[in-house]
Each structure stands twice: as C-alpha cells, then as structure tokens.
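Biologist: I am new to this structure and should like to understand one part of it thoroughly. May I ask for a close look, beginning from a single side chain and working outwards?

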Amino acid sequence: MARALVFLALLCLVTSALVCVGEARKMVGVYMLKKGDFSVKVTNWGATIMSIILPDSKGNLADVVLGKDTLAEYVNDTAYFGPLSGRVAQRMARGRFVLDGKVYHTYINDGRNAIHGGHRGFSKVIWTVKEYVAGGDSPYITLYYRSFDGEQGFPGDLDVYATYQVSSPYVLSIRTNATALNKATPVNFLQHVYFNLGGQGSGDVLGHTLQLSASRYTPMDEELLPSSGRVDPVAGTNYDFRTPTPLGARIRQVMGGKGVRGYDINYVIDGAGMRRVAAVRDGTSGRALQLWANQPAMQLYTGNGLNNTRGKGGIVYRQYAGFCLETQAYPDAVNHPEFPSVTVRPGQVYKHDMLLKFSF
Ligand SMILES: *[C@@H]1O[C@H](CO)[C@@H](O)[C@H](O)[C@H]1NC(C)=O
Ligand SMILES: *[C@@H]1O[C@H](CO)[C@@H](O)[C@H](O)[C@H]1NC(C)=O
Ligand SMILES: *[C@@H]1O[C@H](CO)[C@@H](O)[C@H](O)[C@H]1NC(C)=O
C-alpha cells in the first residue's frame, strides 16, 4: 500500500495536474493472472500488458513481451509497450474528421497527424479496476474507463471496458467494449503489445515465421496514412504472408515510415466475425502464437522505431526486437467513406475481442 501511494505521488509529478486531480482516488497497481506456469501481468495504467510468461519446448520459462521494469517508466513510455489504445487508435490524418456535419479536431501527436487517440489517449490514463479474480480456473481482471465529452477532442461520453482473462491451455483473451452515452463518436481500439517469442531481449524477430489470413492490404503513404483509399491484393508484393514466411525475408524492401525500413502496414483480414487472423512461430524456442479476433483489419508493426530503447532488466531493444499484431478498424476510416464505418451512435456498442493462443 505504501509503495502504491508513493507511486501515485510520482505519477502526479510526471503527468499533468489535470490527470492527478481527476483520478486522485484511483490507485495504479500491478495485477497477476496466473494459471500453472502461464502468467500474465497487467496494470490499470493504460490497461497495459506488462509481461506474458510461458515455457518453451525445453520447459524454460521466458517473458515474451517487451516492456519496462517500473510503472513510472510506463508513464514516460513513447513506444506504446503493451497498452490498449483509443479512443481512435492508429493514425488519423491531421487529427481532423467530420461527423454529422460537424468538424472535430483532436490532439496532434504524430507529425501533423494524430495517433492512438492523442498524447493522453486511453493508453495514458488510469483505468478503474472493476473486478479482479486472481485465482481459480480462469483468472481475470476487468478494467473500466469513462471517457468524457471533448477528451483529446472526441465527442461525447464513452463507457469503456477491457477484460483480460487467462485460461487453459495457454490462452489469453482480451475482450473490450464501448458504449456511446450521448453523442455519436468514432471508436477504434487496439492492443499494442510487442512480442518476441524467443523471450524479450533475446535479439530480433526477423527469423520468426508469420502467416496472415489476409489477401488484401491498404497501401500507406510516407506518413503511414492510407491516403489513396486503395485496397490492393497482397499477391506479388512484399506484403504477402498468406503462407508462413520469415518476418525478415523481405523486410529491407518495405518502407515503414519516412526513411525507416520495416512493416507498419494495415491488412484487411479475410472473412468476418471471430476468426484466425495470424499465426507466428519461433523455430529456435519452439514457441508459437495464434491470434484470433473479430475485427476487419490488422496492423503489422515490426518495431521499426525501436532504437536502443531501454527495456526490462537493463536490456536495450534494437530495431525489430519485437513485433505487434494490432487488430483494428481500417486506419483513418473517419476520413475514408469507402472504408467500413467506425461511428458508434448513442446506445450502440463497440466490441473488439482478441484471443491469443500460445503453444510450444
Ligand atoms: C520521465 O521523464 C522525465 C522528463 O523527461 C524525467 O525527468 C524522469 O526521470 C523520467 N522518469 C523515469 C522513471 O524514467
Ligand atoms: C462490457 O463489458 C463489461 C465487462 O465484461 C460487461 O459487464 C458489460 O455487460 C459489457 N457491455 C456490453 C454492452 O456488452
Ligand atoms: C537511432 O538513433 C540514432 C542516435 O540518436 C540516430 O542517429 C539514428 O538515425 C536512429 N536510427 C533510426 C533508424 O531511427
């Protein structure tokens, strides 16, 4: 308890007084979800996954998630290690959109554009712990956040829930929902956890093989926006992962932002509803991950922006030290009527479910 109080005081120093006053009754804590030798650590700071520990094929445990050692470092983090991003995650051109004839301007925090809901999006706020069941068959934690009208420029109050649950065998489910309370608003969440199935800090992920259930993608411009509005086939491009292919096989041939090589690209996932999106395997450790989700799209990000970034236990993450599989709506959908709508009207519910199935 004393440590939590000390941390809260620190949090008030490093973030703005606004957050501190508004959230003073909330505590930031670390919550363990453990089932046998599978354990997941979550904090209500940004609804962040701090670690996922499981065995490899020889029985050696490792943490397969990149991140930080202390909560204070998560507060400062700019790489988005493990949080739930919203209200509108991913990039939004000029932080601007028109909804029902009204122009909205949101916080600009990625060049001249917005990313991950602004500089104090859902990944940078304290969530309320609604329920925490540490033991039993399927330990879980349910986090709640009430986003207010005008927060980071977005319209209307929004009720948000995120539940992280561990179950057999080596499954982590993430279920989120959001209800618009009084105004129509765009909504798009994504989970920004970085994986390295060889264990965080074990080197790069270029040897991991990836298979994606995606035959189409949205080409990106230099600012990583789908400005052309095109949806192109992956066939014959360096983006084709329909059959298992090492992440590194063609990574030097793709641009992941201005002057940076690597994948930072949105795929349109084949099919609809809860379905398999991706399968990744690290041959060295024998660990594999299957991702299932109910979203139309997924951003593949190969940690292009990591550049001697300080991580856990004094480890320094170099470029490609981890990868993210961010199931989502189409990026910048608010400015592309040709993409599926992300508008949630009062009384409507947004639901984004993910299943992470590990094996070794
Ligand atoms: C967070 O950033 C501030 C400002 O750059 C710095 O003074 C502080 O030491 C950082 N805290 C941690 C825990 O890294
Ligand atoms: C959202 O999730 C919470 C927590 O799981 C649940 O209690 C609530 O019923 C859900 N809301 C909707 C509208 O599905
Ligand atoms: C990494 O950081 C160094 C030193 O700040 C810089 O010179 C270099 O351009 C950066 N590399 C990338 C890929 O961002």
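Which backbone oxygen does the side chain of His192 reach, and at what distance? Please describe the surroundings of this residue as well.

Modeller: The model is a predicted one, and what follows should be read in that light. The side chain of His192 reaches the backbone oxygen of Tyr80, at a distance of 2.8 Å. His192 itself sits in a loop, the one that runs between strand S15 (190-191) and strand S16 (209-212). The residue counts as buried because its relative accessibility is 5%, and the limit for that class is under 20%. Tyr80 belongs to a wider set of neighbours: setting aside residues within four places in sequence, His192 is in contact with Ala79, Tyr80, Phe81, Gly82, Pro83, Ser85, His116, Tyr301, Cys324 and Glu326.

The last of these neighbours deserves attention. An unreviewed UniProt entry lists His192 and Glu326 under "active site". The two are spread over 135 residues of sequence, yet they cluster in space, with a largest C-alpha distance of 6.2 Å. Both His192 and Glu326 are also included in the lining of the largest pocket.

Glu326 is found in strand S26, which covers residues 324-328. With a relative accessibility of 2%, Glu326 is therefore classed as buried. Its side chain makes a polar contact of 3.1 Å with the side chain of Gln90. Gln90 is one of the residues that Glu326 touches once those up to four places away in sequence are left out; the others are Leu190, Gln191, His192, Ala297, Met298, Gln299 and Tyr301. Tyr301 thus appears among the contacts of Glu326 and among those of His192.

The pocket that these residues help to line comes next. The largest pocket holds about 770 Å³ of space. Its lining consists of 36 residues, and those closest to the centre are Thr78, Arg91, Asp110, Ile115 and Tyr301. Helix H3 (71-76) and strand S23 (297-301) each contribute at least two residues to this lining.

Thr327 also lies in strand S26. Its relative accessible area is 1%, so Thr327 is buried. The side chain of Thr327 is joined to that of His352 by a polar contact of 2.8 Å. Beyond four places in sequence, the residues in contact with Thr327 include Phe189, Leu190, Leu291, Ala297, Met298 and Met354.

Some of these names return around a separate space. There are 5 cavities of 30 Å³ or more, and the largest of them has a volume of about 60 Å³. This cavity is lined by Ile174, Gln191, Val193, Phe195, Leu291, Leu325, Met354 and Leu356.

Finally, the wider setting. The largest nonpolar core has 65 residues, and Ile52, Trp127, Tyr164, Leu172, Tyr267, Leu300 and Phe358 have the most contacts inside it. Strand S12 (residues 158-167) gives the largest share of this core, 5 residues. Another core lies apart from it, with 16 residues, among them Val75, Ile126, Tyr317 and Cys324. Cys324 is thus a member of this other core and one of the contacts of His192, which returns the account to the residue with which it began.

How values were computed
Residues numbered from 1 in each chain as written. Chains lettered and ligands numbered in written order. Predicted model: local features only at pLDDT ≥ 70, side-chain atom pairs only at ≥ 80, totals over all residues. Heavy atoms only, no water. Core = buried A, V, L, I, M, F, W, Y, C linked by side-chain atoms within 4.5 Å. Buried < 20%, exposed > 50% of the residue type's maximum accessible area, 1.4 Å probe, protein only. Helix = DSSP H or I, 4+ residues; strand = E, 2+ residues; numbered from the N terminus. UniProt positions renumbered as here; feature names shortened; annotations may be inferred. 1 Å grid on protein atoms, 1.4 Å probe; cavity = no way out; pocket = protein on both sides within 12 Å on 5 of 7 lines; lining within 4 Å. Contact = heavy atoms within 4.5 Å. Polar contact = N/O pair within 3.5 Å; in protein donor to acceptor, adjacent residues only side chain to side chain. Points joined across faces, edges and corners; volume = space filled by probe spheres on them.
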